[in-house]
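Let's take a walk through this structure together, one spot at a time. Have the sequence and the 3D view at hand as you read.

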Amino acid sequence: MTEFGFIDEIKRLITPLPTNGYEGIGDDCAVMPIGDGEALLYTQDMLIERVHFLREATSPYDLGHKSLAVNLSDVAAMGARPTATLLSLSIPAELSGEWIEEFMRGYRDLSLLHGVALIGGDTTASLGDLAINVTAIGRAACDNIKRRSTALAGDIIATTGYLGGSGEGLADILRGEYNTPYATLHKRPMPRIDEGVWLGEKEAVHSMMDISDGVASDLRHILRASNVGAEVELSQIPTSVSVERALTAGEDYELLLTIATDEFDEIAAEYLTRFNAPLYPIGKVVAGENIVWLKDGAHTELQQSGFTHKF
Ligand code: ADP
Ligand code: MG
C-alpha cells in the first residue's frame, strides 16, 4: 500500500464522522475557524529513525531543527503564521541526556527565530528506534488561507527557491558523506515562514503548498484538488543538480504556488524587493488533469515520480 492510497482509504472510512465545521484531511493543515474571520491551522509530521534520518549521520541539534522546520513549513504553506507546537518523543534507552539537550537546543533556536511557543507534548521510552512527532499550530485570517484546491487554469506555477539540493544531500548521506554542503541542506532546511505569510496576503496567489515530496508528486496534489492540469518547462526549474533529482527527490521545503498570470510580474517584483530572492516561474496551470513536461517547449517524459512512503 502507498501513503496516498492509505490516506484516501481513511477519508472514505471516516465519512460518517461529523466535521464540526473544520476542514480536514487533504491539505497541508487542517483549518479550524475561531470566529472574527480568523482560523487556527493544525498539522502534524513524524520523523522516524531509519525512515527519515540516520542517527549517525545527523547531529541532535540539526534533528531538533528539522523536526520543527518540516512542521512550520506546512503552516506557512497555507499562508498562516505558526504560533505554537507540541512535541512528542519516544526515546531509546541508549540516548544520553546530553544528546536530548542538544536536540532541544535545535528545536528551541528555530522556535525562537519564528516566535513559536512550545505548549506541550508527550515523552515515552522506546524499545527500538527514536521517534519524533510534532504538531504545529498556526493562525491566519480566513481570507489569507491558501489551499491546494483553488488553482485556476491560466495561473503561473512558481517556486520560492532552488530544488533538489536536499535530495542530493540525501544521496551524499547514503554514500556515507554526512557533511557536504548538500547534506547540510538536507539536515537543516529553512522553512519559508515569512514568505508564506506574505504570499497569503496576496489575493492573486490562488493556491499554495510546500514541497516535501518533490514537485512531480506535490504539484499533482494541487492539480487533483483543483481539477486542473499543468505544463511544466524543465529548462525553467531552478536547480544546481539534475532536473530529475530537483523534481522527484523532495524535502526542499520551498513553497509551490500558483498565481494569476496578469499579476505575476508585480508580485514577483514586490517579493524580490521584500525577500531579496526571486519567485521562479516553472510552468502554467491548464485545463485537463495531467502534467505535461516540456523541454525547451517540446514534449518530454520524466522517468520518476516524487517520493511516497510504501508499506
Ligand atoms: P504534508 O506532506 O503536507 O505533511 P501529507 O502528505 O503528510 O501532507 O498528508 C496529506 C493529508 O493527509 C494531510 O491533510 C494530513 O493531515 C492527512 N493525513 C495523513 N496521514 C493521516 C492519518 N493517518 N490520519 C488522518 N489524516 C492523515
Ligand atoms: Mg506539506
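Val 75 is a good place to begin: setting aside residues up to four places away in sequence, Val 75 is in contact with Cys 29, Thr 43, Ala 80, Arg 81, Pro 82, Ala 136 and Gly 138. Please keep in mind that this is a predicted model. Val 75 sits in helix H2. Is Val 75 buried or exposed? Its relative accessible area is 0%, so Val 75 is buried, because anything under 20% counts as buried. One of its contacts, Thr 43, is 32 residues away in sequence, yet the two C-alpha atoms are 7.0 Å apart in space.

Another residue on that contact list, Ala 136, deserves a visit of its own. You will find Ala 136 in strand S5, which covers residues 131-141. Ala 136 also has 0% relative accessibility, so this residue counts as buried. Which residues does Ala 136 contact, once its neighbours within four places in sequence are left aside? They are Leu 41, Tyr 42, Thr 43, Asn 71, Leu 72, Val 75, Ala 84 and Thr 85. Thr 43 therefore appears here as well as in the list for Val 75. For a sense of distance, look from Ala 136 to Thr 83: the two are 53 residues apart along the chain, and their C-alpha atoms are separated by 7.8 Å.

Now let's step back to helix H2 and its partners. Two packed helices are described by the angle between their axes and the distance between the axes. Helix H2 spans residues 60-76 and helix H3 spans residues 97-114; their axes come within 6 Å and cross at roughly 40°. That angle makes H2 oblique to H3, and the crossing is right-handed. On the H2 side, the residues that meet H3 include Pro 60, Tyr 61, Leu 63 and Leu 72. On the H3 side, the residues that meet H2 include Trp 99, Phe 103, Tyr 107 and His 114. By class, the residues of this contact divide into 10 nonpolar, 6 polar and 3 charged.

H2 has a second partner to look at, helix H6. The axes of H2 and H6 are 8 Å apart, and the helices pack at an angle of about 10°. That makes H2 roughly parallel to H6. The residues making this contact are Leu 72, Ser 73 and Ala 76 from H2, together with Ile 193, Gly 196 and Val 197 from H6. In this contact of H2 with H6 there are 4 nonpolar, 2 polar and no charged residues.

H6 itself, residues 193-200, is mostly covered, with 7 of its 8 residues buried. Those buried residues are Ile 193, Glu 195, Gly 196, Val 197, Trp 198, Leu 199 and Gly 200. What covers them? The cover includes helices H2, H3 and H9 and strands S3, S7 and S9.

Strand S7 brings us to the metal site. Which residues supply the protein donors of the magnesium ion, ligand 2? They are Asp 28, Asp 74 and Asp 210, whose OD donors lie 2.0 Å from the ion. Along the sequence, these donor residues follow the spacing D-x45-D-x135-D. The pair Asp 28 and Asp 210 links distant parts of the chain, 182 residues apart: Asp 28 is in the loop between helix H1 and strand S1, and Asp 210 is in strand S7. Both Asp 28 and Asp 210 are buried.

Asp 210 is also touched by Glu 254, a residue in the loop between helix H8 and strand S9. With 9% relative accessibility, Glu 254 counts as buried. Besides Asp 210, Glu 254 touches residues including Thr 160, Tyr 162, Arg 192 and Met 209.

Finally, let's look at two backbone details. Most residues other than glycine have a negative phi. Asp 36, however, has a positive phi of about 55° although it is not a glycine. Asp 36 lies in the loop between strands S1 and S2, and its relative accessible area of 84% means that Asp 36 is exposed. Asn 276 likewise has a positive phi of about 55° without being a glycine. Asn 276 is in the loop between helix H9 and strand S10, and at 71% relative accessibility Asn 276 counts as exposed.

Key. Residues numbered from 1 in each chain as written. Chains lettered and ligands numbered in written order. Predicted model: local features only at pLDDT ≥ 70, side-chain atom pairs only at ≥ 80, totals over all residues. Heavy atoms only, no water. Donors = N, O, S within 2.8 Å, 3.2 Å for Na, K, Ca; no water. Helix = DSSP H or I, 4+ residues; strand = E, 2+ residues; numbered from the N terminus. Buried < 20%, exposed > 50% of the residue type's maximum accessible area, 1.4 Å probe, protein only. Axes fitted to C-alpha atoms, helices over the stretch in contact; angles between N-to-C directions. Parallel < 35°, antiparallel > 145°, perpendicular 65-115°, else oblique. Left-handed = near helix turned anticlockwise from the far one by under 90°. Contact = heavy atoms within 4.5 Å. Nonpolar A, V, L, I, M, F, W, Y, C, P; charged D, E, K, R; others polar.
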